[in-house]
Amino acid sequence: MTNASTEKASGATGGLTLEARQVSVRFEGLTAVDTVDETLHPGEILGLIGPNGAGKTTLVNAMTGFQMPADGQVLLGDKVASGLKPHWFRRHGVARTFQAGRLFRDMPVSENIEIAAVSMGLSRRKAHAHAMELLEWLGLADRAETPAGVLPYTDERRVGIARALAVRPDFVLLDEPAAGMSDLECDEMMRVVSEIPGKFGCGVLLIEHNMRVIMGVCERIHVLDSGRTISRGTPDEVQKDPAVIKAYLGHD
Ligand SMILES: Nc1ncnc2c1ncn2[C@@H]1O[C@H](COP(=O)(O)OP(=O)(O)O)[C@@H](O)[C@H]1O
Ligand SMILES: [Mg+2]
């Protein structure tokens, strides 16, 4: 049986990073991500924002093996990982969620999480216990036996987070986890995201449109527009940046 902890690239290094180095992604005529640099560190929460179509999801795809960069590199520690498959990233401690669920709809919520843990080498029994802990933490314990397909959209996204964390990643990349949530649900999502680094020892990259959520949980923020980095800094710095204000006014 594979041991999850030895499979991860973290090993004894402690200083592991997930890095996009001069990454570009092109779709036919369109440059969706244009020479972007970013390094995600363990224990931090990095916000990735920008108007619709800015390239946020595409950058996350590139950093998780779902998209091959046309130029530049993705590195996990000092290992060049661009071109490797999503499966490799998952096994080496990089997990992500999707804007839309991608759960096994006929399978109970708990099993959706368990299979992720089993894929990392946990026994069925331990995987079940771990899934239940995650559901408890997310306030979804009473949904454990519900088929994932009947969950409301917002709960589906929370189960997606549990499933990503079930592989005990070093990095988790969350694609708009609070989209469509009420103010109260956003508060709850802020609690969940802000607890991830301490509870799971992960670095978090958070894509989110809700500025209250972004400003409330992120230590630093990277702003994309038309595939390019237009600003980066603390929430305060980014909010005041005329380039950011202009990008949002231009699009929304
Ligand atoms: N698979 C694809 N094929 C062609 N164009 C794509 C594809 N994925 C994304 N795009 C385009 O790339 C740009 C960036 O998209 P995306 O990364 O989804 O933006 P965001 O997540 O910031 O809203 C958009 O113009 C989008 O239409
Ligand atoms: Mg997106």
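How many bridges join strand 1 to strand 4, and in which sense do the two strands run? The legends below walk through this predicted model one close-up at a time, and the opening view takes up that question.

**View 1. Strand 1 meets strand 4.** Here strand 1, residues 18–27, lies beside strand 4, residues 71–76; the two run antiparallel and are joined by five bridges. To find your place in the pair, look for Ser24, which stands opposite Asp71 of strand 4. Helix 2 packs on the sheet, where it touches strand 1, strand 2 and strand 4. The direction of helix 2 makes about 120° with that of strand 1.

**View 2. The open sheet of four strands has the order 2-1-4-5.** Its pairing is antiparallel. Strand 2 and strand 5 (79–80) are the edge strands, each of them pairing on one side only. On the other flank of this story is the pairing of strand 1 with strand 2, which is antiparallel and extends over seven bridges. A good landmark is Leu18, with Leu40 of strand 2 standing opposite. Follow strand 1 into strand 2 and you come to a hairpin that has two residues between the strands; in this hairpin Glu28 takes a positive phi near 45°.

**View 3. Ligand 1 and its surroundings.** Which residues surround ligand 1? They are Phe27, Leu30, Ala32, Gly50, Asn52, Gly53, Ala54, Gly55, Lys56, Thr57 and Thr58. Two elements give two or more residues to this shell: strand 2 (30–40) and helix 2 (56–63). Helix 2 provides the largest share, three residues. Sorted by class, the shell holds four nonpolar residues, six polar residues and one charged residue.

**View 4. A second open sheet is built from six strands.** Reading across, the order is 6-7-8-3-9-10, and the pairing is mixed. At the edges are strand 6 (94–96) and strand 10 (228–233), and each pairs on one side only. From one strand to the next, the twist averages 20°. Helix 7, residues 183–200, packs on this sheet and touches strand 3 (45–49), strand 7 (171–175) and strand 8 (203–207). Compared with the direction of strand 8, that of helix 7 makes an angle of about 160°.

**View 5. Strand 9 pairs with strand 10.** Strand 9 covers residues 220–225, and its pairing with strand 10 is antiparallel, over five bridges. One pair to look for is Leu224 and its bridge partner in strand 10, Thr229.

**View 6. Inside the largest nonpolar core.** In soluble globular proteins, nonpolar side chains tend to be buried together. The largest nonpolar core of this model has 69 residues, and the members that touch the most others are Val172, Val204 and Leu206. Which residues does Val204 touch, leaving aside those up to four places away in sequence? The contacts are Ile45, Leu46, Val172, Leu174, Val193, Ile196 and Pro197.

**View 7. Pro235 in helix 9.** This close-up looks at Pro235, which belongs to helix 9, residues 235–240. Why does Pro235 count as partly exposed? Pro235 has 17 C-beta neighbours inside 10 Å, whereas a buried residue would need 20 or more and an exposed one would have 12 or fewer. Leaving out residues up to four places away in sequence, Pro235 touches Met215, Cys218 and Ile221. Pro235 and Cys218 are 17 residues apart along the chain, and 7.2 Å separates their C-alpha atoms.

Notes:
Residues numbered from 1 in each chain as written. Chains lettered and ligands numbered in written order. Predicted model: local features only at pLDDT ≥ 70, side-chain atom pairs only at ≥ 80, totals over all residues. Near = placed C-beta within 6 Å. Nonpolar A, V, L, I, M, F, W, Y, C, P; charged D, E, K, R; others polar. Core = buried A, V, L, I, M, F, W, Y, C linked by C-beta atoms within 7 Å. Contact = placed C-beta atoms within 7 Å. Pairing = 2+ DSSP bridges. Axes fitted to C-alpha atoms, helices over the stretch in contact; angles between N-to-C directions.
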